[in-house]
Amino acid sequence: MKLDIQKNKSTFTDNLNKELKHLWLLRIILKLEAHKRFLNEHAFRFDDIARELGLDNYVDNPRAYNRDLILTELRQNLATIEKHPPQAKSESRLWENLGMLGQALKLNDIEILILFFAIAVKTEDHFEEAIDSMGNLNIASIEKIFSICLGIGITDVRTALSESGTLFRTGILWLDMDSVYTFSNTVVIMHGLTTELMREQNEPLSLFHNHIVPSFKAKLGAEHYSHLTEDTATIKHYLGAAGQAKNTGINILIYGAPGSGKTEYARMIAEVTGHHLYEIATETRQAKALEGSERFRAFRLAQTILERRHDTLILFDEIEDVFKESLSKSGKRDNQSGTKAWVNRLLETNPVPSFWLTNNLPQLDPAVVRRFDYILEMNAPPRSVRARMLDDYLIDLPISTHWKRQMSEHENLVPAVIERAAKVVRHIKHTIPTQEMDKVISRVMGNTLEALYLPRMPKASLGMDTNYRLEILNADCNVGEICDNLVTEKRGRLCLYGPPGTGKSAFGRYIADRMDRPLLIKRASDILSPFLGEAEINMAKMFREAEIENAVLLLDEADTYLQDRKNAQRSWEISEVNEMLTQMESFDGVFIASTNLMSSLDPAALRRFDLKLRFDYLKPEQAWLMFTDTIAKLGLPLDESLQKSVAALAMLTPGDFATVSRQARLRKITDDADLLSRLTDECALKPDANKRAIGFSSY
């Protein structure tokens, strides 16, 4: 890998005196036997190196070229220089920066000299040509080159280049043996370091601004993570105690959906605990993406260079790119950050407390995951937090309260989606009429959600088009009394069963309104997963979300996960029912299960419900009440003689009235007889229509 070579060729000469340059070239040519390729039979292979070494006469006068004479002259020159070996220019900018870097990373003199020589090879054509002319090299050959050229013992070189050495551990220089085995390709210097070492620097950290950057100020506060209050308190206390005790190996893993606020959470924690937060960059200032392995080396470097700074934290985002498995060129499966043992050791000894963030937890080896001290899942926030974020991000935009209330119901809405939509609309708001603002932000936000394979808008409300009143419910007990007692007791488990459309789900919304609590609606499809064990995880999340939101939990189609275990055909069907029963029993709120298939429920589930309420088809007087209400809403005259015909519709439900009312938007209802006809059609379509008499009176 060659980094910023052209930029640095002209400046490196200022940092290297001529005698030292000649010493290294002569050692390469003579002691490493590069002369076998440098001196061809009738001419030099590299004329520019020959001229650098003062052999112009042989270059300009080919007849004078004589390999033996040239070798003799080169040996004499080397012997002369080695009597008084020259040193690097200690007053040069490069050497000053190397000294500063050495102090920050605790590099010894040998390690600094090795780094200096590697930079020389990568920035001086003469060195690169001379060494690479030796062809492909193994590790032993590379160690020998450093040893001979620098006059250092081979054992010291091997120690300096080992995986336990500071050069490798901090990632500023390492040997890439998966590369083409020439010296300049195998000896790798951290991207951008060579360039920065040539520039004037005020502090060591500025050498690595492409890899380690100070974090931004948090845009979200603790109030935006109110659903994580207990986790936040624990993490704050843990960081405080660990800092006082100067413990090592402090690592917090945060995982969850992209854009869910993981980075902002880490920034918020740093601010409220008074820490300075540094982030491992994902790209350079020139917008060049950094590979996972390079970012991991930057993390190791940050641990060393920030170790002596008090009240410091490190944020390492997108770690799935670092830990994902890949096949090396040798065919050995390994992760990009190195061997598992190395990673595990780092997690147990890192001196600077660190936040590790990932969008994809399954890509991390379980053996690595279990070594994190604290693990926190972060997905879309609960409704109350979503509402607050919408208010805060859109505070300077004329977005209606109705739109924000509606959008807060979107279960997959994460902070990043809100922030980016607000950014777009804020830039173009002067071009948008106020009355169009809701529509524009819906489009911007909806496009993003759709690109993430999420619904553009929240799921439709379970509210009905007709006015919901308890007197239109044909339940087998006093539902008004039940509502009053739930308001007082604030807990209960209800099973609502009966034919579709009889008002079961809408009754759940009514209860939530009476209790002045949000309603959390879940369907079987929200829990369903093709992966074994994930449905149980989703169940636990559902109850946890209701607990955090202090919401009434309504599970529609509950029979899917409460079916009689005697009829189970697979083991996971039983485990899902078991998990649902366990969660129900431990939930200390209001849980409402709605089903159309009461007979299929497990007996243990039935025992766990405090009340089982049957909702049936409308009674004649209820049907007529809804009929008159609907006619009044449509602004049509009412023929009282139709009451018998309405009463004869034995399978009529509140849901039928809601359906017919929606039809009116597309096909206008002309009169009360037309309404009756449409209700009759709805009843006739029901599966049990032929089993019950549906009579008609003349009118």
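What volume does the largest cavity have? In this predicted model, the answer is about 30 Å³. The count of cavities of 30 Å³ or more comes to one, so to speak of the cavity here is to speak of the one just described.

A look at the walls comes next. The lining of the largest cavity is made up of Ala160, Leu161, Ser162, Leu167, Phe168, Leu173, Trp174 and Leu175. Three elements each give two or more residues to this lining: helix H11, spanning 154-161, helix H12, spanning 166-170, and strand E1, spanning 173-175. Strand E1 has the largest share, with three residues. Sorted by class, the lining holds seven nonpolar residues and one polar residue, and no charged ones turn up.

Helix H11 also has a partner worth a look. Helix H10 covers residues 139-150, and its axis comes within 9 Å of the axis of H11. The two axes cross at roughly 120 degrees. Angles of 65 to 115 degrees would count as roughly perpendicular and those over 145 as roughly antiparallel, so H10 and H11 end up oblique to each other. As for handedness, the crossing in which H10 passes H11 is right-handed.

Another helix pair sits further along the chain. Here helix H23 (residues 415-428) meets helix H24 (residues 437-451), with axes that come within 9 Å and cross at roughly 135 degrees. H23 and H24 are therefore oblique to each other, and H23 passes H24 in a right-handed crossing.

Zooming out, the domain assignment splits the protein into domain 1 (13-203), domain 2 (209-326 + 338-378), domain 3 (383-452), domain 4 (470-614) and domain 5 (620-685). Domain 2 is thus written as two stretches in that assignment. Taken over C-alpha atoms, the centres of domain 3 and domain 5 are 39 Å apart.

Note on methods: Residues numbered from 1 in each chain as written. Predicted model: local features only at pLDDT ≥ 70, side-chain atom pairs only at ≥ 80, totals over all residues. Heavy atoms only, no water. Domains from an automatic or database assignment. 1 Å grid on protein atoms, 1.4 Å probe; cavity = no way out; pocket = protein on both sides within 12 Å on 5 of 7 lines; lining within 4 Å. Points joined across faces, edges and corners; volume = space filled by probe spheres on them. Helix = DSSP H or I, 4+ residues; strand = E, 2+ residues; numbered from the N terminus. Nonpolar A, V, L, I, M, F, W, Y, C, P; charged D, E, K, R; others polar. Axes fitted to C-alpha atoms, helices over the stretch in contact; angles between N-to-C directions. Parallel < 35°, antiparallel > 145°, perpendicular 65-115°, else oblique. Left-handed = near helix turned anticlockwise from the far one by under 90°.
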